[in-house]
Amino acid sequence: MPTTYKNPVYPYRRPPELDVQDVRHYPVVIVGAGPSGLAAAIDLAQQGVNSLVLDDNNTVSVGSRALCFAKRSLEIIDRLGCVEPMLEKGVTWQRGRVFFQDREVYGFNLLPEDGHRIPAFINLQQYYFEEFLVNRTHDFPEQIDLRWQHKVTDVDAQPDSTTIKVSTQDGDYQLTCDYLLVADGANSQIRDMLGLECKGQVFQDRFLIADVVMKADFPTERWFWFDPPFHPNQSVLLHKEPDNVWRIDFQLGCDADPEEEKKEENIRPRVQAMLGKDVEFELEWASVYTFRCRKMDNFIHNSVIFMGDAAHQVSPFGARGPTEPYRVWIT
Ligand SMILES: Cc1cc2nc3c(=O)[nH]c(=O)nc-3n(C[C@H](O)[C@H](O)[C@H](O)COP(=O)(O)OP(=O)(O)OC[C@H]3O[C@@H](n4cnc5c(N)ncnc54)[C@H](O)[C@@H]3O)c2cc1C
């Protein structure tokens, strides 16, 4: 598959803890350098609070995940000082159209009046979103210590202080902190380590994401079809992304076989039926997902604070992902 984006590789650095005897203490440690962890580190730095950020990977998000970023999330990112590159790169939109079969049944404009500095929505691939956040952390070399390929493997949470164990390619080390912010994603291992639950509902339906590269003259609007002629009895969603990439989201039903549906020979006819037989496109990314709506009963346990997808998850529809849970924590 072609790719319009090359993931950056952030360097691993040997931690100073491996060369000292004492266990170091930090005011704030953040687990996870995804959207939530990075946003928290920048927000704290702007308020003069130092943090150590640990991520077990060495790059930003791989493949298609978040795409739509809503006005309120962008306003928070503006406060964090990095909305400009996102607005510049992202595809701005505010209108949506809804179709039933081949009839348009509803249209909306999320920002009918002029004069807003921040648009109703931008579409921007999550890897760009994270890359711009990482770039912003570099403006705070004294406040943010961001360590790639440092995996948190154990947590001992006590009322006054938390001890964590970190694993690296050069060996393991321990540290203590006043506050541990847990932003390690939907399948939070830290949540499991502390024996905590995230309760809610798993939706049985399956959806296919097909990101295709093509030059097309669809307007930059959100188009949503119920029961369209090219994909009967299911729904379809279309969004434009930067770099001439288009996100098409096909509802598949609960019986769909994810492995079969991800095969290019099965995706192409679906896309071609939608776009017309003469339209040329290349498939950039395909994945099949289900979604969950669930949350922890409490986000705070002693001095451990859960945030982002680790704390709660919602359906990806409506752009309520990365900074929305962060907002719940920060306000
Ligand atoms: C198909 C799909 C479409 C979506 N569309 C949208 C959308 O349009 N708009 C929207 O707002 N949201 C959307 N989302 C949701 C969005 O992707 C998530 O809400 C967001 O990534 C959550 O960010 P996070 O920082 O909480 O967690 P993550 O992005 O999962 O980041 C967690 C980080 O923690 C690291 N980590 C994990 N364990 C450890 C450990 N033990 N030690 C150190 N590091 C660790 C991981 O490597 C990772 O970097 C979508 C999601 C999916 C799957």
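Hi everyone, let's start with Phe100, which is found in strand β5, residues 95-100. Please keep in mind that this is a predicted model. Phe100 counts as partly exposed, because its relative accessibility is 32%. Together with Val105, Tyr106 and Phe226, Phe100 makes a nonpolar surface patch of about 390 Å².

Now, where does β5 sit in the sheet? The sheet is open, with seven strands in the order β6-β5-β14-β15-β16-β13-β17 and mixed pairing. At the edges stand β6 (103-109) and β17 (282-289); each has a single partner strand, so one side of each is left without a neighbour in the sheet. From one strand to the next, the twist averages 15°.

Further along, β13 (residues 206-213) and β16 (residues 245-253) pair in the antiparallel sense over eight bridges. If you'd like a spot to click on, Ala210 stands opposite Ile248 in β16. Helix α7, residues 264-275, packs on this sheet and touches β13, β14, β15, β16 and β17, with its direction at about 105° to that of β16.

On to charges. The count comes to 23 salt bridges, and Arg117 is a nice one to look at. Arg117 meets Asp78 at 2.1 Å, N to O. Arg117 lies in the loop between β6 and β7 and Asp78 in helix α2, so this pair ties together parts 39 residues apart in sequence. Arg117 also forms a salt bridge with Glu84, with the closest N and O atoms 3.5 Å apart. Glu84 is in helix α3, so here the parts tied together are 33 residues apart in sequence.

Finally, back by the strands, Glu104 and Arg97 meet in a salt bridge at 2.8 Å, N to O. Thanks, everyone!

Methods: Residues are numbered from 1 along each chain as its sequence is written. This is a predicted model: local features need pLDDT of at least 70, side-chain atom pairs count only at pLDDT 80 or more; totals for chains, interfaces and linings use all residues. Side-chain values use heavy atoms; hydrogens and water are left out. Patches are made of residues with over 30% relative accessible area and no salt bridge: like charges are joined within 9 Å, nonpolar side chains (Val, Leu, Ile, Met, Phe, Trp, Tyr) within 5 Å. Accessible areas come from the Shrake-Rupley method with a 1.4 Å probe; for residues, only the protein chains shown count as cover. A salt bridge is a side-chain nitrogen of Lys or Arg within 4 Å of a carboxyl oxygen of Asp or Glu. Helices (H or I, at least four residues) and strands (E, at least two) are DSSP runs, numbered from the N terminus. Buried means under 20% relative accessible area, exposed over 50%, partly exposed in between (1.4 Å probe, protein chains only). Two strands pair if DSSP finds at least two bridges between them. Axes are lines fitted to C-alpha atoms, for helices over the stretch in contact, and angles run from 0 to 180 degrees between N-to-C directions. Contact means heavy atoms within 4.5 Å.
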